[in-house]
Amino acid sequence: MKTIFSSQIVAIPPKVEVSIKSRVVTVKGPRGTLVKSFRHMDLEIVKIGKNKLRVDVWFANRKQLACVKTICSHIENLFNGVLYVSANFMSLCLHFVLQGYRFKMRAVYAHFPININMQEGGTLVEIRNFLGEKFIRRVRMRSGVKCSSTGTKDEIQVEGNDLELVSLSS
């Protein structure tokens, strides 16, 4: 059975500019610009005023109704990727904390110690001695994603603005 009309509203945070043209959402914020296309779905994305966004679907079945919440979650992830959040650390010092996305990963091994090296400014990761192999695995990070080493042994962090690119790189 089809539902005639369903909609959901997403609040646009301050300091974020959103533009929509033919189901392509562009989000601009202090950390940069992210663009996401939703042209593969049959729905409407409309900006209501300056601080609200509405996602509508007409004559939808169950799967299309579920896509409305998914689209809203993707748009909120875009907002989180371009924002700075201010926080107060240590008595009256105001620092800016990166919002973005950061994944931490560890190399876990039992017998063959795995070596991880970052090359080209954190855009290329080399994995050596994986399962005792002599082959060097090279992983290129997606655009806008950087990899760095934390202070902990055999731990790396992958960070960037776009959640999908960061998760695909890790």
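**Entry 1: cysteines**

I start with a term: a disulfide is a pair of cysteine sulfur atoms within 2.5 Å. In general, a disulfide is a covalent bond between the sulfur atoms of two cysteines. The model I have open is a predicted one, and I searched the whole structure for such bonds and found zero disulfides.

Why is Cys67 without a partner? I looked up its sulfur: the closest cysteine sulfur is in Cys72, 11 Å away, which is too far for a bond. The search from the other end agrees, as Cys72 is in no disulfide and its nearest cysteine sulfur, that of Cys67, is 11 Å away.

Next I asked of each cysteine whether it is buried or exposed. Cys67 is partly exposed, with a relative accessible area of 22%. Cys72 has a relative accessible area of 1%, so I wrote it down as buried; the cut-off for buried is under 20%.

**Entry 2: a hairpin and a positive phi**

Today I followed strand 2, residues 17-21, into strand 3, residues 24-29. The two strands pair in the antiparallel sense, over five bridges. I picked out one pair to look at: Ser19 has Thr26 in strand 3 as its bridge partner.

Which residue of this hairpin takes a positive phi? I found Ser22, with a phi near 50°, in a hairpin that has two residues between the strands. Ser22 sits in the loop between strand 2 and strand 3. I marked it because most residues other than glycine have a negative phi. Ser22 is not a glycine, and still its phi is positive, at about 50°. Its relative accessibility is 43%, so Ser22 counts as partly exposed.

I then turned to Phe59, a residue other than glycine that has a positive phi, near 50°. Phe59 is placed in strand 6, residues 52-60. I noted Phe59 as exposed, because its relative accessible area is 52% and exposed begins over 50%.

**Entry 3: Gly29**

Back in strand 3, I stopped at Gly29. Its relative accessibility of 23% makes Gly29 count as partly exposed. How far apart are Gly29 and Asp154? I read 34 Å in space, C-alpha to C-alpha, and 125 residues in sequence.

**Entry 4: two open sheets**

A reminder to myself before the sheets: strands pair through backbone hydrogen bonds, either parallel or antiparallel.

I took the sheet with the order 10-11-12 to begin with; it is open, has three strands, and its pairing is antiparallel. Which strands are at its edges? They are strand 10 (115-119) and strand 12 (137-140), and each pairs on one side only. The twist in this sheet averages 20° from one strand to the next. I counted four bridges between strand 11 and strand 12, which pair in the antiparallel sense. Leu124 stands opposite Arg140 in strand 12.

Then I took the sheet with the order 9-14-13, an open one of three strands with antiparallel pairing. Its edge strands are strand 9 and strand 13 (145-149), each pairing on one side only. From one strand to the next, the twist averages 20°. Strand 13 and strand 14 pair in the antiparallel sense over five bridges. Within that pairing I looked up Lys146, and its bridge partner in strand 14 is Glu159.

One more reminder: in a regular strand the side chains alternate between the two faces of the sheet.

**Entry 5: the largest pocket**

Last, I went looking for space. Rolling a probe the size of a water molecule over the atoms shows where empty space is left. The largest pocket has a volume of about 260 Å³. Which residues are closest to its centre? Out of 18 lining residues, I noted Met105, Ile116, Ile127, Ile156 and Ser170.

I also checked which elements give two or more residues to the lining, and they are strand 9 (101-106), strand 11 (124-128) and strand 14 (155-160). Strand 14 gives the most, with three residues.

How does the lining divide by residue kind? I wrote down 13 nonpolar residues, two polar and three charged.

Technical notes. Residues are numbered from 1 along each chain as its sequence is written. This is a predicted model: local features need pLDDT of at least 70, side-chain atom pairs count only at pLDDT 80 or more; totals for chains, interfaces and linings use all residues. Side-chain values use heavy atoms; hydrogens and water are left out. On a 1 Å grid over the protein atoms alone, a cavity is a set of points where a 1.4 Å probe fits but cannot get out, and a pocket is an open set with protein on both sides within 12 Å along at least five of seven lines; lining residues have an atom within 4 Å of a point. Grid points are joined across faces, edges and corners, and a volume is the space filled by probe spheres set on the points. Ala, Val, Leu, Ile, Met, Phe, Trp, Tyr, Cys and Pro count as nonpolar, Asp, Glu, Lys and Arg as charged, and the others, Gly among them, as polar. Buried means under 20% relative accessible area, exposed over 50%, partly exposed in between (1.4 Å probe, protein chains only). Two strands pair if DSSP finds at least two bridges between them. Axes are lines fitted to C-alpha atoms, for helices over the stretch in contact, and angles run from 0 to 180 degrees between N-to-C directions.
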